[in-house]
Amino acid sequence: MNLNVLRQRAKLYVRRGYTFSTLASAVRWEGGVSMVQGASRGIGLEFVRQLLEKKDKGYIVATCRNPSGATGLLELKNKFPERLDIHPLDLTVESTIEDSAKSIKDKYGSVNLLINASGVLSIPNVLQPVQKQH
């Protein structure tokens, strides 16, 4: 996925009326709503874990392509049922972005902190990983 496509996806949130504070204001953040995209494993999952375990205030919205297969997220949901919401979101499927954004807007109004830890290795017929040259 090229940078222009990612920018278009981010602009979708803005067009729909969703607001995000800047990272600078997040330094003073004492709760609110944090959203972590790409939260099923790796650094995204660790961001969710740290936000939940290091703070006793605020809500975390974690998104990933397949929430039912995200065992680490599901374990955190069992531990923090009131503070963690998990939503399906695939950056290559615009309807999942819209559905997640609408749900978040309806429940919380806005997001105070957005962490995008999602990545795309390939999209058939659009983007392929770089092949190692021998």
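**Exercise 1. Strand pairing**

Find how strand 2 and strand 3 pair in this predicted model, and over how many bridges.

*Solution.*
Step 1. Place the two strands: strand 2 covers residues 59-64, and strand 3 covers residues 84-88.
Step 2. Look at the direction of pairing. Strand 2 and strand 3 run in the parallel sense, and 5 bridges join them.
Step 3. Pick out one bridge as an example: Cys-64 is partnered by Pro-88 of strand 3.
Step 4. Recall the general idea: strands of a sheet pair through backbone hydrogen bonds, either parallel or antiparallel.

**Exercise 2. The whole sheet**

Work out the order of the strands in the sheet, and explain why one side of strand 3 and of strand 4 is left without a neighbour.

*Solution.*
Step 1. Start with the order. The 4 strands make an open sheet, arranged 3-2-1-4, with parallel pairing.
Step 2. Go to the ends of that order. Strand 3 and strand 4 (113-116) are at the edges and have a single partner strand each, so one side of each lacks a neighbour in the sheet.
Step 3. Add the twist, which averages 15 degrees from one strand to the next.
Step 4. Put the sheet back into the chain. There are 5 helices and 4 strands, and along the sequence they follow the pattern α-α-β-α-β-α-β-α-β.

**Exercise 3. Helices on the sheet**

Say which strands helix 4 touches, and which strands helix 5 touches.

*Solution.*
Step 1. Take the pair of strands from Exercise 1 again: strand 2 and strand 3 are parallel partners.
Step 2. Helix 4 packs on the sheet and touches strand 2 and strand 3, with its direction at about 145 degrees to that of strand 3.
Step 3. Helix 5 also packs on the sheet, touching strand 1, strand 2 and strand 3; its direction makes about 155 degrees with that of strand 3.

**Exercise 4. Two residues inside strands**

Decide whether Ser-34 is buried or exposed, do likewise for Thr-63, and then list the contacts of Thr-63 beyond its close sequence neighbours.

*Solution.*
Step 1. Ser-34 belongs to strand 1 (residues 33-37). Its relative accessible area is 0%, and buried means under 20%, so Ser-34 is buried.
Step 2. Ser-34 also shows how the fold brings distant positions together: Val-111 is 77 residues away in sequence, while the two C-alpha atoms are 6.0 Å apart in space.
Step 3. Thr-63 sits in strand 2. With 0% relative accessibility, Thr-63 is buried too.
Step 4. Now the contacts. Setting aside neighbours within four places in sequence, Thr-63 touches Met-35, Val-36, Gln-37, Gly-38, Ala-39, His-87, Leu-89 and Ser-100.
Step 5. Step back to the whole chain: 37% of its 134 residues count as buried. Among contacts between residues at least 6 apart in sequence, 68% join residues at least 24 apart.

**Exercise 5. Salt bridges**

How many salt bridges does a search of the whole structure find? For the pairs Glu-53 with Lys-79, Lys-107 with Asp-85 and Asp-106 with Lys-102, give the distance, the place in the chain and the exposure of each partner.

*Solution.*
Step 1. The search finds 5 salt bridges.
Step 2. In the pair of Glu-53 and Lys-79, the closest N and O atoms are 3.3 Å apart. This pair links distant parts of the chain, with Glu-53 in helix 3 (residues 42-54) and Lys-79 in helix 4 (residues 71-79), 26 residues apart. Glu-53 is partly exposed at 40% relative accessibility, and Lys-79 is exposed at 53%.
Step 3. For Lys-107 and Asp-85, the closest N and O atoms are 3.0 Å apart. Here helix 5 (residues 94-108), which holds Lys-107, is linked to strand 3, which holds Asp-85, and the partners are 22 residues apart. Lys-107 is exposed, at 54%, whereas Asp-85 is buried, at 13%.
Step 4. Asp-106 and Lys-102 meet with an N to O distance of 2.7 Å. Both lie in helix 5, 4 residues apart, which is about one turn of the helix. Asp-106 is exposed at 55%, while Lys-102 is partly exposed at 47%.
Step 5. Finish with a network: salt bridges link Lys-77, Asp-85 and Lys-107.

Technical notes: Residues numbered from 1 in each chain as written. Predicted model: local features only at pLDDT ≥ 70, side-chain atom pairs only at ≥ 80, totals over all residues. Heavy atoms only, no water. Salt bridge = Lys/Arg side-chain N within 4 Å of Asp/Glu carboxyl O. Buried < 20%, exposed > 50% of the residue type's maximum accessible area, 1.4 Å probe, protein only. Contact = heavy atoms within 4.5 Å. Pairing = 2+ DSSP bridges. Axes fitted to C-alpha atoms, helices over the stretch in contact; angles between N-to-C directions.
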